[in-house]
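Open the model in your viewer and keep the selection panel at hand. Each stop gives something to select and says what is there.

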Amino acid sequence: MKPWTPDGIELVIERLERVARLERENQYLRQEISGGAPPEMIAKSPAMILAMRTASRLARSRGAVLISGEPGSGKNRLAQFIHLNSSRSERPFIRIKCAQFPGLLLESELFGREQGPFAGPFRLRTGRFELADGGTLLLEGLSDVSLDVQQKLLAVLDHQEIRRVGSARPIAVDVRILATTTRDLLDLTRENRFREDLCARFTAMGVQVPALRERAEDVLPLARHFADHFGRTSGLGSPRFSQEALDRMASCNWPGNVSEL
């Protein structure tokens, strides 16, 4: 309202920034939390049943968990399975693909930022750790994280607090960390590409997702599950597999795992 002052305009702009930031965060959380029905784990093979039993046991703990396996084998599904069977199941489940954010961008996405090298239209950006407070954070592709960010992750595990980029003020967080990898972290430590102390923290509790070729009993149940799902969503009903299709699925080596199927 007139007469206005520069200080008054700045106060209005700051309020608008806070509202816009909160709306973005709420929208992100709604997408993460309501991202469809809980994952249906299809497991008939002894190898996958063993992996799920291990995951169920790890879900009751509080420590970081490393989920290893080939691309497309179902690591993210098993991570969500762990979250849903933990005491944090009613809290946020936040994911981030580490390879999508090179260098300092990943640090900003994880820990948030204030005024500094990432100055932009908003003075404050909340990171994934703050969004996941009380819940679970999934780091997809832990082997892609730089050594600098690895050091900050170790500090979070040790002290349960973060510092936004551009700020020295610590922020307490209560986050359970899950991580996936397609590479052996021990090999990376020998190549000096991964911190040995952080590797020890993640490999203390881990689960290996078997490749689809190692769990042939799961191929047909998975195929029927996908056929029913996509048939319903396309309005076509549940299709039936021909004998030729069944034979081809049985003989395939599935190098792309469940994603290929």
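Select strand 3 (residues 136–140). Thr136, Leu138 and Glu140 point one way from this strand, while Leu137 and Leu139 point the other way. Every one of them is buried, where buried means under 20% relative accessible area, exposed over 50%, and partly exposed in between (1.4 Å probe, protein chains only). Strand 3 is thus mostly covered, with 5 of its 5 residues buried. Strands (E, at least two residues) and helices (H or I, at least four) are DSSP runs, numbered from the N terminus.

Two notes on reading the model. It is predicted: local features need pLDDT of at least 70, side-chain atom pairs count only at pLDDT 80 or more, and totals for chains, interfaces and linings use all residues. Residues are numbered from 1 along each chain as its sequence is written, and side-chain values use heavy atoms, with hydrogens and water left out.

**The neighbours of strand 3**

Add strand 2 (93–97) to the selection. It runs parallel to strand 3, joined by 5 bridges. Two strands pair if DSSP finds at least two bridges between them. Click Ile96: its bridge partner in strand 3 is Leu139. Then click Arg95, whose bridge partner there is Leu138.

Now add strand 6 (176–181). Strand 3 pairs with strand 6 over 5 bridges, again in the parallel sense. Pick Thr136 and look for its bridge partner in strand 6, which is Arg176.

**The whole sheet**

Show the rest of the sheet. In what order do the strands lie? The order is 2-3-6-1-7, an open sheet of 5 strands with parallel pairing. Strand 2 and strand 7 (206–208) are the edge strands, each pairing on one side only. From one strand to the next, the twist averages 20 degrees.

**Helix 2**

Select helix 2 (residues 46–59). It lies across strand 1 (65–68), strand 6 and strand 7. Against strand 7 it runs at about 165 degrees. Axes here are lines fitted to C-alpha atoms, for helices over the stretch in contact, and angles run from 0 to 180 degrees between N-to-C directions.

Zoom in on Thr54, a residue of helix 2. Is Thr54 buried or exposed? Its relative accessibility is 15%, so it counts as buried. Leave out residues up to four places away in sequence, and Thr54 touches Gly206 and Val207. Contact means heavy atoms within 4.5 Å.

**The aromatic pair**

Select Phe111 and Phe129. The structure holds 1 aromatic pair. The ring centres of Phe111 and Phe129 are 5.4 Å apart and the planes sit at 5 degrees, so the pair is stacked. Rings of Phe, Tyr and Trp (its six-membered ring) pair if their centres lie within 6.5 Å; planes under 30 degrees apart count as stacked, over 60 as edge-to-face and the rest as tilted. This pair links distant parts of the chain: Phe111 belongs to helix 4 (residues 104–111) and Phe129 to helix 5 (residues 128–131), 18 residues apart. Both rings belong to buried residues.

**Gly72 and its contacts**

Go to Gly72, in the loop between strand 1 and helix 3. With a relative accessible area of 23%, it is partly exposed. Measure from Gly72 to Gly256: the C-alpha atoms are 6.0 Å apart in space, though the residues are 184 apart in sequence. Neighbours within four places aside, Gly72 is in contact with Gly256, Asn257, Val258 and Ser259.

**Two asparagines**

Stay with Asn257, which lies in helix 11. Its phi is positive, about 60 degrees, although it is not a glycine. Asn257 is buried, with a relative accessible area of 0%.

Jump to Asn192, in the loop between helix 7 (185–190) and helix 8 (196–203). Here too phi is positive, about 60 degrees, in a residue that is not a glycine. Asn192 counts as exposed, at 63% relative accessibility.
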